[in-house]
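Reader: Hi! I'm new to looking at protein structures, and I'd like to go through one with you. Could you put it up so we can talk?

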Amino acid sequence: MSILTTDGEKIKVYLFVATLPYSQYSFVKPCIDMKQETWLKCHIDMFDFFGGVPIKIVCDNLKTGVIKHPKEGEIILNGAYESLAQHYMVAIMPAQVRKPKQKASVEGTVGKIASAIIAKLRNTRFISLSHMEGEVFKALKEFNDTPFQKREGSRTEVFMNCEKEMLRKLPAIPYEICTWLYDYKVSLDFHVSFKTNKYSVPYQYVGKKVDIKVNSNSLEIFYDHSRIAIHPRFPDYMRYKYSTIKNHMPDAFQKAEWDDERIKRWASKIGPSTFIVMNKIFDSVKIKEQGYHSCLAVLKLANKFSNDRLENACELALTKVKCPRYHHLNGILMNNQDLLWIEENNKHEKNDDGGYIRGADYYGGKYNDQ
């Protein structure tokens with residue numbers, strides 16, 4: 001199946017199919033890809049559709065779910081897939097390679113779905129995934145409600161009367177797909193960075209490496225497999241924001257190796273524009289410790305490019321940005337914009353020393369030739 005966009009582009013669509021063994025009651029969901037997040041989301045929607053959780057799931061050996069399936073020894077599942085199984089308390093039992101009879105129910109259903117859904121909708125032009133989902137759901141309902149040819153009732157009737165009560169209840173909170181990020185170092189300001197935003201941890205973990213668990217709503221920070229902080233996650237469109245828990249910064253921490261006065265003294269030795277940039281960074285944060293890492297990152301550019309170039313870059317940045325930061329200044333220095341800017345200023349100064357510059361008209365041309 002495919003979606004045809006307004007530009008005439010065809011987007012291939014895959015079908016996720018799940019079938020209960022006794023009633024043959026089935027769930028079908030169209031997907032744009034077969035990546036891990038899609039695979040997990042299909043399982044969550046499948047449990048909601050069935051209204052319960054089976055004891056076990058016999059699945060294919062997709063890499064998004066199964067890392068290793070040896071003939072002998074233990075099956076190794078993808079970490080996220082295993083986490084989902086633990087949340088729903090369901091056993092994941094992948095079928096062996098080239099053993100379709102181990103998942104005969106769904107193999108048989110796939111063939112029937114080809115006729116009942118794919119063939120039925122083959123002439124329908126889908127303009128979006130949600131449009132396709134709606135049409136597939138209608139065809140699926142008709143498929144499940146159609147009476148069996150060789151047994152009494154329909155898939156829906158057998159499921160509702162016999163099989164549904166065999167499913168275990170859904171957990172109170174559905175599984176939320178998350179991403180794990182490893183070995184993030186806690187900076188001097190006792191925060192870790194994620195997508196330009198910063199989240200605090202207890203000050204004792206400064207300099208240590210932590211793991212981050214991120215989902216759509218929250219960000220959790222772990223050290224040695226123990227959670228040490230949890231924050232509401234900033235939306236992706238928000239940048240350079242701080243989420244700081246006051247208990248993470250006791251008074252004793254304010255006597256740090258670096259402080260704002262020492263940073264400002266270093267900046268003043270480089271030049272007045274650099275000093276202004278430091279003040280602007282400190283003014284932009286709620287507590288001064290949040291500015292340590294940003295200020296030191298800027299000052300260390302002097303080691304790479306020289307004090308004079310950093311001072312010139314700060315002066316240039318202040319004409320363009322309200323509060324210059326490392327990424328602004330590093331970009332200026334890497335592209336030699338500070339050198340070009342100084343050269344341009346020098347030209348203007350020479351031109352202002354009383355000299356007279358004749359315009360193009362003086363030298364003749366189309367309208368001035370005699």
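Reader: How many bridges join strand β12 to β13, and which way do the two strands run?

Author: A quick word first: this is a predicted model, where local features need pLDDT of at least 70, side-chain atom pairs count only at pLDDT 80 or more, and totals for chains, interfaces and linings use all residues. Residues are numbered from 1 along each chain as its sequence is written, and side-chain values use heavy atoms, with hydrogens and water left out. Helices (H or I, at least four residues) and strands (E, at least two) are DSSP runs numbered from the N terminus, and two strands pair if DSSP finds at least two bridges between them. For β12 (residues 209-214) and β13, the bridges number four, and the strands run antiparallel.

Reader: Which residue in β13 stands opposite Ile212?

Author: A hairpin of three residues takes the chain from β12 to β13. Across the pair, the residue opposite Ile212 is Ile221.

Reader: What about the other neighbour: how many bridges join β13 to strand β14?

Author: Strand β14 covers residues 226-232 and runs antiparallel to β13. Tyr223 sits opposite Ser226 there, and Ser218 has Pro232 as its bridge partner. The number of bridges between β13 and β14 is six.

Reader: Which residue takes a positive phi in the hairpin of β13 and β14?

Author: That hairpin has two residues between its strands. The phi in question is near 55°, and the residue is Asp224.

Reader: How many residues of β13 are buried?

Author: Buried means under 20% relative accessible area, exposed means over 50%, and partly exposed is in between (1.4 Å probe, protein chains only). Strand β13 spans residues 218-223 and is mostly covered. Of its six residues, the buried ones number five.

Reader: In what order do the strands of the open sheet with mixed pairing come?

Author: This sheet has three strands. Its edge strands, each pairing on one side only, are β10 (191-194) and β15 (242-243). Strand β10 runs antiparallel to β11 (residues 197-200), with four bridges between them. The order is β10-β11-β15.

Reader: Which residue is the bridge partner of Phe194 in β11?

Author: The partner belongs to strand β11. It counts as buried because its relative accessibility is 2%. Its name is Asn197.

Reader: Which residue has its backbone oxygen 2.9 Å from a polar atom of the Asn197 side chain?

Author: Contact means heavy atoms within 4.5 Å. Leaving out residues up to four places away in sequence, Asn197 touches several residues, including Val192, Phe234 and Tyr240. The backbone oxygen that lies 2.9 Å from its side chain belongs to Met238.

Reader: You mentioned Tyr240; what is its phi?

Author: Tyr240 sits in the loop between β14 and β15. With a relative accessible area of 33%, Tyr240 is partly exposed. Although Tyr240 is not a glycine, its phi is positive, at about 60°.

Reader: Moving to helices, why do the buried residues of α2 line one face?

Author: Helix α2 takes in residues 79-88, and its buried residues are Ala80, Tyr81, Leu84, Ala85 and Tyr88. An α-helix has 3.6 residues a turn, so residues three or four places apart point the same way. The arc is that of the directions from the helix axis to the C-beta atoms. Seen down the axis of α2, the buried residues line one face because they fall within an arc of 145°.

Reader: How many residues of helix α8 are buried?

Author: Helix α8 covers residues 289-299, 11 in total. Among its buried residues are Tyr292, Cys295 and Leu296. The helix is largely enclosed by the rest of the structure, because the buried residues number nine.

Reader: How far is Glu311 from the nearest side chain of opposite charge?

Author: Lys and Arg count as positive and Asp and Glu as negative, while His and the chain ends are not counted. A salt bridge is a side-chain nitrogen of Lys or Arg within 4 Å of a carboxyl oxygen of Asp or Glu. Glu311, in helix α10 (residues 307-318), is buried yet has no salt bridge. The nearest opposite charge is on Arg309, and the distance is 12 Å.

Reader: Which side chain does Glu311 join through a polar contact?

Author: A polar contact is a pair of N or O atoms within 3.5 Å; within protein, one must be able to donate a hydrogen and the other to accept it, and residues adjacent in sequence count only if both atoms are side-chain atoms. Here the contact is 2.8 Å, and the partner is Thr274.
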